[in-house]
Amino acid sequence: MPLFTRLTALCQVLEKQATLPVRMSRPEDAPGLYVWPWRIEEDTRVRNSRLPGETAAMHAPPPLIHFLLMANTALDGDALGALEAARLALLDTPVFEAGDGRVSVSPAAMSASELTGLFTAADIPLRLSLAYTLRSTA
């Protein structure tokens, strides 16, 4: 299943349940939520398990997508409410349809230094965020 299909389905679930505008992009200061995919992680075990004549794509599971959920930079009720609504939406719907399959969302742990490095490298001001991974389940 294409990466874009999985991310679009995620945005639709968030918009439907959190009733907020959701953008798949780097965060801005406009109200709403931002889904910022920042890493794609391949399962390297697949490379070692194929038979001669088979391509890696024949057995490769879809990669994990690491993403952050963020609101605007203001630490006000609207921004905090947006993050809380997104968190609750993903708790209520951790598995959902995406294209011709299903995907699941799981919380991901990131240390303060990892987050700082990510925000610094992307030249984005630090802000509250929620870290998750998106995985195909079928």
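This section describes the fold, the strand pairing, one aromatic contact and the internal spaces of a predicted model.

The chain contains 4 helices and 6 strands. Read from the N terminus, these elements follow the order α-β-β-α-β-α-β-β-α-β. Of the 138 residues in the chain, 36% are buried. Helix 1 spans residues 3-18 and includes Cys 11. Cys 11 has a relative accessibility of 9% and therefore counts as buried, the cut-off being under 20%. The C-alpha atom of Cys 11 is separated by 7.2 Å from that of Arg 23, and the two residues are 12 positions apart along the chain. Arg 23 in turn has a bridge partner in strand 2, namely Tyr 34.

The 6 strands form an open sheet with mixed pairing, and their order across the sheet is 1-2-3-6-5-4. Strand 1 (22-24) and strand 4 (95-98) are the edge strands, each of them pairing on one side only. On average, neighbouring strands of this sheet are turned by 30 degrees against each other when direction is ignored.

At one edge of the sheet, strand 1 pairs with strand 2 (residues 33-41) in the parallel sense, over 3 bridges. Strand 2 is also joined to strand 3 by 7 bridges, and these two strands run antiparallel. Within this pairing, Ile 40 is placed opposite Ile 65 of strand 3. Ile 65 also has a bridge partner in strand 6, which is Leu 134. Strand 3 and strand 6 are antiparallel and are connected by 6 bridges.

At the other edge, strand 4 and strand 5 (residues 101-107) run antiparallel and are joined by 4 bridges. Val 95 lies opposite Ser 104 of strand 5 in this pairing. Strand 4 and strand 5 form a hairpin with 2 residues between the strands, and in this hairpin Gly 99 adopts a positive phi near 60 degrees. In a regular strand, side chains alternate between the two faces of the sheet. Strand 4 shows such an alternation: the side chains of Phe 96 and Ala 98 point to one face and are buried, whereas those of Val 95 and Glu 97 point to the other face and are not buried.

A search of the whole structure returned 2 aromatic pairs. One of them is formed by Phe 67 and Tyr 132, with ring centres 5.7 Å apart and planes at 20 degrees; the pair is classed as stacked because planes under 30 degrees apart meet that definition. Phe 67 belongs to strand 3 (residues 64-70) and Tyr 132 to strand 6 (residues 129-136), so the contact ties together parts of the chain that are 65 residues apart in sequence. Both partners are buried. Phe 67 counts as buried because its relative accessibility is 0%, and Tyr 132 because its relative accessibility is 8%. Tyr 132 also approaches Pro 107, with a C-alpha to C-alpha distance of 4.3 Å and a sequence separation of 25 residues.

Internal and open spaces were examined separately. The count of cavities of 30 Å³ or more is 1, and the volume of the largest cavity is about 30 Å³. Its lining consists of Ala 71, Asn 72, Thr 73, Ala 74, Leu 75, Ala 79, Leu 83, Arg 127 and Leu 128. By residue class, the lining of the largest cavity comprises 6 nonpolar, 2 polar and 1 charged residues.

The largest pocket encloses about 150 Å³ of space. Glu 41, Glu 42, Asp 43, Pro 61, Pro 62, Pro 63, Leu 64, Arg 135 and Ser 136 make up its lining. The lining of the largest pocket divides into 4 nonpolar, 1 polar and 4 charged residues.

Methods. Residues numbered from 1 in each chain as written. Predicted model: local features only at pLDDT ≥ 70, side-chain atom pairs only at ≥ 80, totals over all residues. Heavy atoms only, no water. 1 Å grid on protein atoms, 1.4 Å probe; cavity = no way out; pocket = protein on both sides within 12 Å on 5 of 7 lines; lining within 4 Å. Points joined across faces, edges and corners; volume = space filled by probe spheres on them. Nonpolar A, V, L, I, M, F, W, Y, C, P; charged D, E, K, R; others polar. Phe/Tyr/Trp six-rings, centres within 6.5 Å; stacked < 30°, edge-to-face > 60°. Buried < 20%, exposed > 50% of the residue type's maximum accessible area, 1.4 Å probe, protein only. Pairing = 2+ DSSP bridges. Axes fitted to C-alpha atoms, helices over the stretch in contact; angles between N-to-C directions.
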